[in-house]
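Please open the model in your viewer and keep the sequence panel beside it, since this tour moves from one selection to the next. At each stop you will be told what to select and what can be found there.

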Amino acid sequence: MSATPHPDPEYIVEYADGPLVGTAERRYLVDGKVDERIGAVAAVEGLESLFWYVAGEEREVNGERYVSYHFDAPDSDPVEAEKDEESL
C-alpha cells in the first residue's frame, strides 16, 4: 500500500516592495490556500510598526510554492517616523 503524497502545507512569502522588500518567510496554508492579505510587524527607526501586504503572483520553484506580496501603504503605519522639531 503506497501513501498518497500530501501537498506541502507551507508556502514562502516574498515581500516584493515596501519596508520589507527583499525579505521572505514561511507561512502555513489555510485549507490549502494562501493568505490574501497579511500583516507584518517591523521596527522603523526603533518604533514598532504594522505593515499590510496583499497577495500577488504565485509560482512553484523546486516543488515549493512562492507567493509575491505587495505593500498596502494606505492601510499600513507610516514608513518614516515623524521627525521631532529640533531647536537651535
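The tour below passes through a predicted model, one selection at a time.

**First stop: a serine and its neighbours**

Begin by selecting Ser76, which is found in the segment that follows strand S5 (64-71). Is this residue buried or exposed? With a relative accessible area of 11%, Ser76 is buried, because the cut-off for that class is under 20%. Now show polar contacts: the side chain of Ser76 reaches the backbone oxygen of Asp72 at 2.8 Å, and a polar atom of the Ser76 side chain also lies 2.8 Å from the backbone nitrogen of Trp52. If you then display the residues that Ser76 touches, leaving aside those up to four places away in sequence, you will find Leu50, Phe51, Trp52 and Phe71.

**Second stop: a charge over a ring**

From that list, keep Trp52 and add Arg37, which lies over the face of Trp52 at 4.3 Å from the ring centre.

**Third stop: the aromatic rings**

Next, turn to the aromatic side chains, of which the structure holds 3 pairs. Select Phe51 and Phe71, whose ring centres are 6.0 Å apart and whose planes stand at 70 degrees, so the pair is edge-to-face. Phe51 lies in strand S4 (residues 47-61) and Phe71 in strand S5, so this pair ties together parts that are 20 residues apart in sequence. Phe51 itself counts as buried, at 0% relative accessibility.

Keep Phe71 on screen and add Tyr53, which forms with Phe71 a tilted aromatic pair, 5.5 Å from centre to centre and with 50 degrees between the planes. Here too a residue of S4, Tyr53, meets one of S5, Phe71, so the pair ties together parts that are 18 residues apart in sequence. Tyr53 is likewise buried, its relative accessible area being 0%. Adding Tyr15 to the selection completes one aromatic cluster, formed by Tyr15, Phe51, Tyr53 and Phe71.

**Last stop: the nonpolar core**

Which residues have the most contacts inside the largest nonpolar core? They are Tyr11, Tyr15, Tyr53 and Tyr69, within a core of 14 residues. Colour the strands to see where this core comes from: strand S1 (10-15), strand S3 (37-44), S4 and S5 are the elements that give two or more residues to it, and S3 gives the most, with 4 residues.

Finish by selecting Tyr11 and its contacts beyond four places in sequence, which include Tyr28, Leu29, Val34, Val67 and Tyr69, together with charged neighbours to look for such as Glu25, Arg26 and Arg65.

Notes
Residues are numbered from 1 along each chain as its sequence is written. This is a predicted model: local features need pLDDT of at least 70, side-chain atom pairs count only at pLDDT 80 or more; totals for chains, interfaces and linings use all residues. Side-chain values use heavy atoms; hydrogens and water are left out. Buried means under 20% relative accessible area, exposed over 50%, partly exposed in between (1.4 Å probe, protein chains only). A polar contact is a pair of N or O atoms within 3.5 Å; within protein, one must be able to donate a hydrogen and the other to accept it, and residues adjacent in sequence count only if both atoms are side-chain atoms. Contact means heavy atoms within 4.5 Å. Rings of Phe, Tyr and Trp (its six-membered ring) pair if their centres lie within 6.5 Å; planes under 30 degrees apart count as stacked, over 60 as edge-to-face and the rest as tilted. A charge sits over a ring if NZ of Lys or CZ of Arg is within 6 Å of the ring centre and within 35 degrees of the ring normal. A nonpolar core is a set of buried Ala, Val, Leu, Ile, Met, Phe, Trp, Tyr and Cys residues joined through side-chain atoms within 4.5 Å.
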